[in-house]
Amino acid sequence: SSVPSPWYKLTRDTWIKMAGLQQFVEALYKALAKVGVKRPQCDFDEERGCLVLNIGSGSAGATRVVPLFALLPRYASCDGDESREAFLEAVAEVFGKGMTDVPSKMADCGERLLPQLWPASKIMALELSLPGGGKVPHCGLHGETLKMPSRQGDEDGLGVVMVFESTPKLPDGTTLPIETPVLLTHLNRWDVDFKVAMGAAVANLRARTKAGLEAAKRWEYHPSGCAQSAWGDRFDAARAALLPALVSKRKRPEGAPTEQGGQVVTFATTSCVFATTSKNALGLCFMGDTVHVKIPEDKSLAPLSRTAYRLMKLKEPNPPDHPLTQTAGEGFIWRWFQYSPGGPPLRASGEFSIPIDAGEVEAILGAAEQGKAVPVFKHSDSDANEPKRESFAMKKDAANALFKAGEYLKAIDAYEDALNMKPPPSAAEAAVAYANAAQAMINLATAEKDHEKRLGCAAEALRRANRAVELDPSYVKAHLRCANACDILGEADAAAAFRQRVAAMQKMDTPMSASSSSSTSASAMGFAH
């Protein structure tokens with residue numbers, strides 16, 4: 001039951017990418033060993049393109065993240081073996097010896113302690129990978145407790161964390177901006193609480209913003225009237241979310257018409273924010289086309305959120321005592337609410353929707369060009385989203401049927417069809433499809449007699465299972481399938497690490513995704529669902 005050649009055509013680009021990355025990682029392992037970092041201390045995350053180093057333990061321990069995708073092009077451009085060796089030694093020095101580590105005293109962070117926006121799933125994933133049940137101090141956009149995604153269909157909200165920014169120099173004279181997350185162990189070492197540290201981080205961001213671009217240059221405008229943040233320094237989203245006056249007071253070009261409606265914003269990436277108003281149909285159309293269609297198609301970008309938020313000024317005579325509480329005048333504070341046209345809390349008339357696929361974009365543009373009424377689409381679970389979810393479920397069920405019939409290659413193609421739907425499925429839904437495709441690859445690997453093809457199937461299974469873990473960190477089956485793929489690849493340490501994460505999740509009684517409710521023994525046997 002050998003793997004037919006079409007499978008290689010299907011994943012050729014993946015293999016090219018994987019080969020270059022794997023070669024770089026293997027070379028980096030050797031360089032790290034020279035500075036005392038052994039391979040078992042390294043956790044290679046191919047999907048995110050990073051290498052997590054767990055150095056030491058307890059209060060003296062440190063977790064460092066090496067951004068492989070950012071380093072790989074520079075490594076590939078080195079001229080000759082000697083140049084590549086020097087580059088690897090520099091990277092090993094920077095990360096192996098802790099040049100990007102968070103300082104032992106908060107005062108030593110200076111202006112480089114900053115707030116950053118992370119999806120809740122990213123916070124959860126990092127906490128699961130930290131040794132000893134480590135925690136990432138965080139909160140919601142207003143200082144509230146952030147709700148973590150715990151089951152299929154849960155929304156992935158935005159959280160605020162703190163990072164220490166460093167810019168180590170590389171052999172070619174350039175610098176590499178690194179953001180090291182501040183962990184609970186750092187706060188304990190500093191002997192400060194979360195609110196004090198976050199207050200210092202927000203103050204640093206405000207000072208950097210004030211010293212940077214002048215007000216008239218902070219936003220660039222599309223002809224539709226939609227604005228895009230112009231800082232481009234990885235903290236655009238944090239600025240707009242935590243210093244909302246930057247949105248409410250954004251300066252428009254001279255002669256531009258006055259905008260109607262309330263402020264609507266999407267935090268597309270950490271370096272890219274879009275802002276327009278609720279009654280600007282074309283501005284919202286441009287925002288939706290970019291965030292829901294173009295950015296997902298550009299694999300070089302790291303999306304932050306596709307959720308649109310409405311900025312509102314609320315009356316609050318006694319504002320909460322928190323550094324993320326931003327006043328909007330005497331007795332008022334700023335608050336972010338998820339946006340829907342005519343939705344709560346404002347329920348204003350005459351507002352337009354944000355398109356979530358190419359069809360809706362074309363419908364809005366077509367109506368505007370013909371002078372017709374612009375359609376307003378509903379995207380709540382009770383209406384427009386239901387057909388999409390049913391369609392995904394149907395495609396996934398069809399793939400499952402192929403899987404159960406032993407048609408693994410056809411099942412993998414069918415899972416790909418489900419994943420490529422427009423608009424895309426939710427993160428938890430996609431995690432199920434990726435994990436099922438990973439199990440199909442594992443089954444192919446188990447039956448494969450050719451050693452190289454067997455390893456190839458296992459490597460592809462690991463890539464897909466890792467993607468499922470990234471999308472839904474609470475999905476037990478995805479972790480187990482990563483472990484099973486690592487077994488085939490001969491990566492015993494990595495397999496053990498994945499199983500330890502599952503044990504930790506079960507020990508902590510972490511709520512699992514709805515997809516995880518079936519027994520772990522079933523997932524080990526390769527059942528799709």
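Is Tyr309 buried or exposed, going by its relative accessibility? Select Tyr309, which is found in strand S11 (residues 308-315), and colour it by accessibility: at 8% relative accessibility Tyr309 counts as buried, where buried means under 20% relative accessible area, exposed over 50% and partly exposed in between, with a 1.4 Å probe and protein chains only. Strands (E, at least two residues) and helices (H or I, at least four) are DSSP runs, numbered from the N terminus.

Before going on, bear in mind that this is a predicted model, in which local features need pLDDT of at least 70 and side-chain atom pairs count only at pLDDT 80 or more, while totals for chains, interfaces and linings use all residues. Residues are numbered from 1 along each chain as its sequence is written, and side-chain values use heavy atoms, with hydrogens and water left out.

**Around Tyr309**

Keep Tyr309 selected and show its surroundings: leaving aside neighbours within four places in sequence, Tyr309 is in contact (heavy atoms within 4.5 Å) with Leu141, Leu158, Gln263, Val264, Val265, Phe267, Trp336, Phe337, Gln338 and Tyr339. Then add Arg335, which is 26 residues from Tyr309 in sequence and 9.6 Å from it in space, C-alpha to C-alpha.

**The nonpolar cores**

Next, select Leu117, Leu141, Val160, Met162, Trp190, Phe267 and Trp336, the residues with the most contacts inside the largest nonpolar core, which has 53 residues. Such a core is a set of buried Ala, Val, Leu, Ile, Met, Phe, Trp, Tyr and Cys residues joined through side-chain atoms within 4.5 Å. Centre the view on Leu117, which, not counting residues up to four places away in sequence, touches ten residues' worth of surroundings named here in part, among them Leu141, Leu158, Val160, Phe267 and Leu304. A second, separate core of 40 residues includes Ile412, Ala414, Tyr434 and Ala478.

**His292**

Move to helix H10 (residues 281-297) and pick out His292, which is buried, with a relative accessible area of 14%. Leaving aside neighbours within four places in sequence, His292 is in contact with Arg306, Ile354, Pro355 and Ile356.

**Helices H14, H15 and H16**

Now display H14 (residues 427-447) together with H15; their axes come within 8 Å and cross at roughly 165°, the axes being lines fitted to C-alpha atoms, for helices over the stretch in contact, with angles that run from 0 to 180 degrees between N-to-C directions. That makes H14 roughly antiparallel to H15, since angles over 145 degrees count as roughly antiparallel, under 35 as roughly parallel, 65 to 115 as roughly perpendicular and the rest as oblique. Among the residues that meet here are Tyr434 and Met441 in H14 and Arg454 and Leu471 in H15.

Add H16 (residues 476-489), which packs against H15 (residues 451-471) at an angle of about 160°, with the axes 8 Å apart. H15 is therefore roughly antiparallel to H16. The contact includes Leu455 and Leu462 of H15 and His479 and Cys482 of H16.

Finally, hide H15 and look at H14 with H16, whose axes come within 10 Å and cross at roughly 25°, which means that H14 is roughly parallel to H16. Ala435, Asn436, Gln439, Ile442, Ala445 and Thr446 of H14 make this contact with Ala478, Arg481, Asn484, Ala485 and Ile488 of H16.
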